[in-house]
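Biologist: Hi, could you walk me through this model? I'd like to start with how the chains meet.

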Amino acid sequence: MEAKKGYRQHINKKKLIILLLILATIFVFFWAINAGASKIKPKDVILGILGLGNPKANSIVRNIRLPRIISGILAGIGLSIAGCIMQNNLTNPLASPSTLGISNAAAFGANVAIILLGAGSVASTSIGEVQINNPYIVTLCAICFSLLSTLLIIGLSRLRYFSTQSIILAGVALSSLFSAGTMIIQYFASDTTKVAAVVFWTFGDLARASWREIGIMAVVVSVSLGYFLYRRWDYNAMDSGDDTAKSLGVEVEKIRLGGMFTASIITAVTVSFLGTIGFIGLICPQMTKKIIGNDKRYLIPASAIMGALILLASDTVARVIISPQVLPVGAVTSFLGAPLFLYFLIKEV
Amino acid sequence: MALTVENLSFAYPNKDILHNINFSLEEGDCLMVLGTNGAGKSTLLKCLNRVLQAQKGTVYIDGVDTRKLSGTELARNIAYVPQNHYISKTTVFDTVLLGRKPYIKWDITEKDIKIVEETLQLLNLQAYSMRYTHELSGGELQRVIIARALAQEPKVLLMDEPTSNLDLRNQIDVLNIIEEIIKTKKISAIVAMHDLNLALRYANKFLLLKKGISYRFGDTSILNPKSIKNIYNVDVAIEDYSGIPVVIPM
């Protein structure tokens, strides 16, 4: 019948978009793995990935470039799906880890762990020299504070008179509160080199994570992605309002709590390993929604790939634009994100 | 009995809304819930399918206590058309497909697609299937929302003021569709309504709510000038016009 045929075409179009996003990400992956201060031939790079190249190529590709790229892909996926689910769960297009103050809360937690609990030490103030002795304490602190921030947001969003706009304003307030807390900790820190290093730390840098941290991120991001995909029909139902979702058998409160909880864990883990990376969680789901529509069956995977693509591309730009100097990726995503964000705001009006 | 409600009560923390509501419906019944604004009509519908959790009372469907059913099982028995619709950028087909949610395990099946197609056909919506819901008129959108509810294959259909934002043509169209569906699908419907004339024309049972209390429950005979005066504080006459009862405010 006609309706079925039209529907199949509609779905195939969405699958094609996802395929194109995957191809674009593969393209950026090869650009990223070939880009860098060391001039290594593309053939040696490929051999280096497999560990079959010369020792120098093997070492640069496998110890420097590949961890950075994998970090970018994982963090991009994680932050983007976290933003996508927050926007759905709070029915607010402006919800994201950074606008809700969750990134800043995680950063505050990491600062507490590094400065107050001594989980980190510093070799020098240059980027990349921050040593995190105990990543588990840093992660745990980041998770605790980001969950605290999430619970406050969920609590406020349950107040009947609290509109969706108020939730974002509350997020801005919380964000400012945690920034102030971070500032106070840094102000009273006795070791100034430590403070300088922590400031660098908050910039966001994909080179920071070792294979051990990448492993933790990979587990957290893939379990979360699996959970979000499992719940995709519930999220679709919630787009029609809480009453309709409940009448379709969705346990709205439970799903919302689970979604926000999982999204904030992704944020906490990413921030604690890589620092704050702004705008990915806000912009990527928004852009993807414009292209692929609101159906979570396709929006969630497409947002994930878009996040990986944009973060990886931003990081590669950060590496090559004033090579051999490397810009912090957090700054590049914000430079890229702010104009895009304004564009979307103007277009929405 | 298709649906039996016993001693249903609901209260918000500071306000009682429903007290000891009792009624029952047979298969094929269309019940109009009537009452002033704030009488508890919407709350009653929401308590029947656990959108709101009633503090007291029991709802039975085909003799089964609905408290023993999971949310998904309940959604296979009772469908709901709310008063206000949240519109997101989704197609008509996808919106109706959402009605299959209570049956979806991991992904949709050919059966789900077939039921959506049949429902679109039943409501004459095939031509709109790939249109976005935010581009539809009020009447078209209401039909889509009813289609979503029917895709749940419910035994009982709850509708909260389904005609309140529609013009006269669409009011009649929507109620004709509901009448037809009740007959062909052999289901029962519970409709919260304000328009007494439309209620009298389409329903065979009535529940009059007054401040959360069931003032009267029964057939057309309970809707008389005295009961209407008691509920709405308005004097009316009920006249017969070519076999259709008409309520005329005095």
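**The chain A and chain B interface**

Modeller: Happy to! Between chain A and chain B the count is 5 salt bridges, a salt bridge being a side-chain nitrogen of Lys or Arg within 4 Å of a carboxyl oxygen of Asp or Glu. This is a predicted model, where local features need pLDDT of at least 70, side-chain atom pairs count only at pLDDT 80 or more, and totals for chains, interfaces and linings use all residues. Residues are numbered from 1 along each chain as its sequence is written, chains are lettered from A and ligands numbered from 1 in the order in which they are written, and side-chain values use heavy atoms, leaving out hydrogens and water.

Biologist: Which side chain meets A:Asp243 in a salt bridge?

Modeller: That is B:Lys46, at 3.0 Å from N to O.

Biologist: And how many residues does the contact take from each chain?

Modeller: Chain A gives 28 residues and chain B gives 35, with contact meaning heavy atoms within 4.5 Å.

Biologist: What area is buried there?

Modeller: About 2,800 Å², with 60% of that from carbon and sulfur atoms. Buried area is the accessible area (1.4 Å probe) that two parts lose on being put together, summed over both.

Biologist: Which three residues of chain A supply the most?

Modeller: A:Tyr7, A:Trp233 and A:Leu248 supply 24% of the area that chain A buries against chain B.

Biologist: Switching topic: what angle do helix 1 and helix 3 of chain A pack at?

Modeller: About 145°, with the axes 10 Å apart. Axes are lines fitted to C-alpha atoms over the stretch in contact, and angles run from 0 to 180 degrees between N-to-C directions. Helices are DSSP runs (H or I, at least four residues), numbered from the N terminus.

Methods:
Helix = DSSP H or I, 4+ residues; strand = E, 2+ residues; numbered from the N terminus.
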